[in-house]
Amino acid sequence: MTLAGWKQLADSKRQSILDAIPERWRFQDPIRPTDELRDVTGAYIQQFLAPREIEITATDALGIAEKTTSGTWTAVEVTEAFCHRAALAHQLVSCLHEVFFDAALDDAKRLDDYFATHGKPIGPLHGLPVSLKDQFHVKGVETTMGYVGWIGTFQGKNDPRSKVFESELVRELRSLGAVLYCKTSVPATLMCGETVNNIIKYTTNPHNRLLSAGGSSGGEGALIALKGSPGGFGTDIGGSVRIPAAFNGLYGLRPSAGRVPYEGAANSMDGQNTILSVIGPLATTARSLKLLFKAVLSQQPWYHDPLVLELPWRDTVEEETRALIEKSKSGSSQLAFGIMRHNGVVRPHPPIARAMKIVEQTLTRLGHKTIEWSPPSHTIAHELANATYYLDGGADIEHHFGLSGEERPDRLLFESGPQKSASEIAALNVKKREYQKQYLDYWNSTAQLTDTGRPVDGFICPAAPHAAVLPCKYDHVGYSTFVNVLDYTSVVFPVTRADKNIDVPRSETNFLSEIDQRVHGQYDADAYDGAPAGLQLIGRRLQEEKMLTLADYIGNNVSKSL
């Protein structure tokens, strides 16, 4: 395809997204980011909404489900409110790839008719709008994953499935009563901590539109931050759920592999099994993450996806964790946490360092034991992740860009080179297993330091070295990729916001590394002002029930302390 050809195709697709928005919801002129108009959340976007729409969209996912499953709110009124707010959000920050509001309203009406006939909901997500990252196939809706060459195809191929196929998660969400209405933006390739592609260009951060919404689930993060969705699903192979959650002031879950079905979802480097991409929810509250995650598990996905473990939601784990919290309130701490202030490669920017202090002080105030987290070198994990991402020498990415001949946007993690041999991949897998064992042994050794008779219950660390980053300045993913190498459970939770009057640049000459010096030099207190600063709580493999319970507890107490 010629240069003019792929650009015209991308422009046409971008315009079609806007054309799918009802005319009554469109802005007459683009509202561009300026120093005076950075933050378009809260009161700014609400000026375009009716009071009833504000009431509905300001409610978290669990609160909405309580209303829709009881018949207090109709699925149609809830769906229309979120369609309207999502349409506004896209025009403000470019966060949508696909809009199918009419189909969503038809589905919502069928749900209301079912409730009227049977007097009960279809499932626990009855009438709840749920957004999806543009990796999930929805019947009658295109999936481009940010590639121009995928427009009008099924993952770059002429395949009749493009009109009828649905991903397993989509099927389960429909069975649960969820209403699907839009798909959100991603960086082409998915391998980027920012969201940029040649179709919708760049997704900006709604709290500060001079900054990034993160990636690769950046559209999800931006949409939910603007409350154009009460909750949705992204994917994470190197931080792609957690980074957008942290950048947009949200909660986000990166579960261990094998809990949420990936079957039928599009992906980059499909078949690479050294580090598996996983699906996880994003939402405005931890309890909403639990609702979405638990609901999917109730569909017994292990019967439909061969890689899913037969592991239902474990009420006993949640109850045991809550019991430890209650015992701690009596003055005898039953919980202990590790605190990792930096990863030995890059020190965090001042807003993130302050967020770490806030959480540590909150845990201490609550009577919990904290210890310095000094694990095996995270440089090893970073090297293992990088080697994994380039196993095919960039062949998959080159192929999909080659379908249209499009230019590669800046900031994508991409290197062209020789593909690894079977023996090289085997050696990499051995190194990964050895590193996992070293980390496991270290975790177990903390039992000697916690005063609880057990190792730490989890540890706190940054999800990225910065709050929502300046465009084209995401230079270090080491705070997120090590979790994928270990396949640990991680929940991101919001802590504070960057404040130019408090978070002044640090005086530093003793840098940890060359990349530390570069990241340090990128901090601009004025530019970052107002950006959300979130952290992650990390637990062992398959500890989603425990980490969600603890994240809810810690997040609620952090917000009370501010």
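1. A cavity is a set of grid points where a 1.4 Å probe fits but cannot get out. In this predicted model, three cavities of 30 Å³ or more are counted. The second largest cavity holds about 60 Å³ of space.

2. The lining of the second largest cavity is formed by K133, T189, L190, M191, S216, T235, I237, S240, N267, S268 and S277. By class, these lining residues comprise seven polar, three nonpolar and one charged.

3. One residue of that lining, S216, also deserves attention for its backbone. The peptide bond between G215 and S216 is cis, with an omega of about 5°. S216 itself is located in the loop that runs between β7 (208–212) and α8 (218–225). As background, most peptide bonds are trans.

4. The largest pocket has a volume of about 720 Å³. Its lining consists of 32 residues, and those nearest the centre of the pocket are Y262, A265, N267, D270 and G271. N267 is also named in the lining of the second largest cavity.

5. Helix α14 (residues 395–402) contributes the largest share of the lining of the largest pocket, namely three residues. Sorted by class, the lining of the largest pocket contains 15 nonpolar, 12 polar and five charged residues.

6. The second largest pocket encloses about 550 Å³ of space. It is lined by 22 residues, and L18, P30, H90, Q91 and S94 lie nearest its centre. Two helices, α1 (3–19) and α5 (75–93), each supply at least two residues of this lining, and α1 gives the most, with five residues. The class counts for the lining of the second largest pocket are nine nonpolar, seven charged and six polar.

7. Two further backbone points concern the sign of phi. Most residues other than glycine have a negative phi. Q300, which is not a glycine, nevertheless has a positive phi of about 50°. Q300 lies in the loop between α10 (286–297) and α11 (315–329). Is Q300 buried, exposed or partly exposed? Its relative accessible area is 38%, and Q300 is therefore partly exposed.

8. C472 is likewise not a glycine and has a positive phi, of about 65°. C472 is placed in the loop between β13 (458–462) and α16 (478–486). With a relative accessible area of 34%, C472 is partly exposed, because that term covers values between the cut-offs of 20% for buried and 50% for exposed.

Technical notes
Residues are numbered from 1 along each chain as its sequence is written. This is a predicted model: local features need pLDDT of at least 70, side-chain atom pairs count only at pLDDT 80 or more; totals for chains, interfaces and linings use all residues. Side-chain values use heavy atoms; hydrogens and water are left out. On a 1 Å grid over the protein atoms alone, a cavity is a set of points where a 1.4 Å probe fits but cannot get out, and a pocket is an open set with protein on both sides within 12 Å along at least five of seven lines; lining residues have an atom within 4 Å of a point. Grid points are joined across faces, edges and corners, and a volume is the space filled by probe spheres set on the points. Helices (H or I, at least four residues) and strands (E, at least two) are DSSP runs, numbered from the N terminus. Ala, Val, Leu, Ile, Met, Phe, Trp, Tyr, Cys and Pro count as nonpolar, Asp, Glu, Lys and Arg as charged, and the others, Gly among them, as polar. Buried means under 20% relative accessible area, exposed over 50%, partly exposed in between (1.4 Å probe, protein chains only).
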